[in-house]
Amino acid sequence: MAVSARTRKSARRQRLEAAINYPIDWLEERSGLVGGLRYFLFRKVPGDSNWFHTLGSATLTAFLVQATTGVILAMYYKPEPKTAYASIQHITNDVTLGWLVRGMHKWGASVFIILLFFHMARVFLFGAYKYPRELNWIVGVLLLVMGMAEGFTGYLLPWDQTSYWATVVGINLNGTVPFLGPYIAQFLRGGAEIGPDTLARFYSIHMLLIPGAIFALIGLHLYLVVRLGVSSPPWSKEAAGADWVEEQVTTNGRSGLTQPAARSSWRRNGGDAE
Amino acid sequence: MEPEHGDRPHSPAPTLYPVGFAAGIACALVGLIVNPTLIAPIGGAIAIVFAFFWVRDATAEYRGVPQPVEPERRGAPAVGAVPGEAAMPEPEPGERFPRNKFLEGATLGVGGVIGGIVTIPVIGMTFGPAFGKQGKHHVDLGSIDDFPVGEWKIVHFFLDPNQGDVTRRTAYIRYNGPLNGAPSFTIISNRCAHLGCPVQPNGPSFPDQTKSIDTGGGQHVTLIKMLPAGGFGCPCHGGQYDQEGNRTAGPPVRSLDRYEYSIRNGHLILGKTFSVAKVKGSGKDAIIYRYRLAGPGQHITGWEQIFYPLQPPQ
C-alpha cells in the first residue's frame, strides 16, 4: 500500500482510532466474536446475485419484527377467557402506542407469511434447492410450517367471535386427519371441550414453543447458507457456491459432497465445461 | 480384514429365525380376529422370541470379538500454541487406562438418565390433562313443565358454571310428550357435523318469549321459543339439516349430535353427547342410529369410518 498524504495520520487521529478500537480488540481477543461477525456478514456472493436474493433477509427481518412486537404485547396481554378480550381492547385504546405495536404484529404476520412464500418461490425458480442445498430447502419448509402454526395459534388470542369460531373450525379440521386426527384435536383443545386451558395453551405454543423452534431452525438455515454459499441465478455464467466447495471438488474427488455427478450443469450454467 | 464395498455379496447367512418371526406375526394378526385375549398374545410372544434370536444371530459378527480400545496417545505440544496458554504435559508413561472413554460414557449415561427423569413429568403434564379422564357434566335445565309438547326451545346453558362464558353451550330441545309413561325429549346439539360451527334454526325465534332460570350451582339456563320450520342451517359453510338433525344438504358428513337426558325430581338433566348417523321417523317414535361421540367432520358410517378407528377419552 502506497503511503500517501491521506493515509498518514495525525497523532491525534491515531489516538482516537486506538480509543475506538480498544474495546473492539478487547472483545475480539477474548471471544473471536468480531471476526465471526465479519466472516458472517462479509461473505463472498456471486457477482450477479440480485434483488431477489434479498427476500430471505426480508423474511428474517419480518420475523424479528414479530418477535420484538410480540414480546412487548405479552407484557400487556392477559391470556384468560375472562380478561383476554378486555386486555386487547386496553392495548389498542389505552396503552401508549399500543395500537401501533399491535398493528405491526397483526399485519406483520401477513407480511411474514407472504415474504416466506416469495422467498420460497425465488429458491424454487432459481433451482437453488438442488444439490448440495436440499437440506436447507427442507429446513425452509419446516420454517414455513412453523410460520403457519404461528398464524393459527395467534389467531385465537384476540378472543373475539371471529377468532373463537375460526379456531373451532381449525381444530376440527385437524380432527378430520385420518387416524391421528381426533388425538391432534384433543391435544390442541387440551381436553374434550374447548375451555380456559385452550386459550392458555395456544398462547404458550404461540409465544414460547414455536418461536423457540423458529429461532433454532433459522440458525440452522443461516448456518447452511454460510457453509454452502449463495447460489447464482440460473442464467449466471459464474460458478456458484462457497470457495471451499470448489476446492473440495478438485482436491478430494471422493468426498460425499463432491461426487462428479454433482458438478452438473446447474452449477456452471453455460460456463466452463470440465 | 476390513471388507471393501463390493468385495462380497450382501446375502445374510441362512437362518430360519425370520420364518419363525413371520409365523409369530401371522399368528398374532389372526389372533386379533379370532381370539384377542389368548391367541394374539401367544403369537406376539412367538414373534418376540424369534426376533430376539434373529437379532442375536444377525449381530453375532459384530458382538463376537470385543474391540480393542486404543489407549490415549494424544501428543502434547511442547509449548503453548497460543501465547498465555499453558503447554499440555506429556502423558505419564504407563498410563494406558482409557479414562477418557470412561468419562465420555459416564457423561452421556448420567446425562441421559437425568434427561429422562426430567422429561417424564413434562410429557405427563403435556398430554395427561388432554387425554386423561374428562370431567362429566350433568346440567340441570329446570322443570320439564317449561317445555310444552311439540314446541322447540333454544336452550343456553353452561357446561361448567365456574368457568364462565367459555363453557356456554346451546341445545335445541323439543318435548315430544310421554312415551311408555316417561317423558320423551329431542335434544339436538348445535355443533355442526361439518366443522363445529353453531347451527341456527331456519325459522323465527321469539326473544320476547324468553325464560331465564337459575337451577343452582351458578347454572343459568335461558329458554327461547323458536320455530325451526326449515330445520337447521350452518352459517359457516352452508350445511343444512331437517328438524330431526338429518343432513339434507351441504358438507356435513352425518346428522347433528344429540344429548342424553334423564328426568330427576321433575327436572330435565342433560347427560353425555353422542353422535348420530341418521334418524328415521320423527318425534318420540324416531329411530336413532346412535354412535359414540366423534368430532365434527369425522365419519361414523360408510367406508370412510376406517379413517377414524379410535377416539380419545371424552
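These exercises work through a predicted model, one chain at a time and then the contact between chains A and B.

Residues are numbered from 1 along each chain as its sequence is written, and chains are lettered from A in the order in which they are written. In this predicted model, local features need pLDDT of at least 70, side-chain atom pairs count only at pLDDT 80 or more, and totals for chains, interfaces and linings use all residues.

**Exercise 1.** State how many helices and strands chain A has.

Start with the term. Helices (H or I, at least four residues) and strands (E, at least two) are DSSP runs, numbered from the N terminus. Now the count: chain A has 10 helices and zero strands.

**Exercise 2.** Find what share of chain A is buried.

A residue is buried if 20 or more other C-beta atoms, placed from the backbone, lie within 10 Å of its own. Chain A has 274 residues, and 27% are buried.

**Exercise 3.** Give the strand order of the open four-stranded sheet in chain B and explain its edges.

The order is 5-8-9-10, with antiparallel pairing. Strand 5 (200-201) and strand 10 (247-249) of chain B each have a single partner strand, so one side of each lacks a neighbour in the sheet. Next, look inside. Strands pair if DSSP finds at least two bridges between them. Strand 8 (residues 232-233) and strand 9 (residues 240-241) of chain B pair over two bridges. B:Gly233 stands opposite B:Gln240.

**Exercise 4.** Count the residues that each chain brings to the contact.

Residues are in contact if their C-beta atoms, placed from the backbone, lie within 7 Å. Chain B gives 25 residues and chain A gives 24 residues.

Methods. Two residues are in contact if their C-beta atoms, placed from the backbone, lie within 7 Å. A residue is buried if 20 or more other C-beta atoms lie within 10 Å of its own, exposed if 12 or fewer, and partly exposed in between; C-beta atoms are placed from the backbone.
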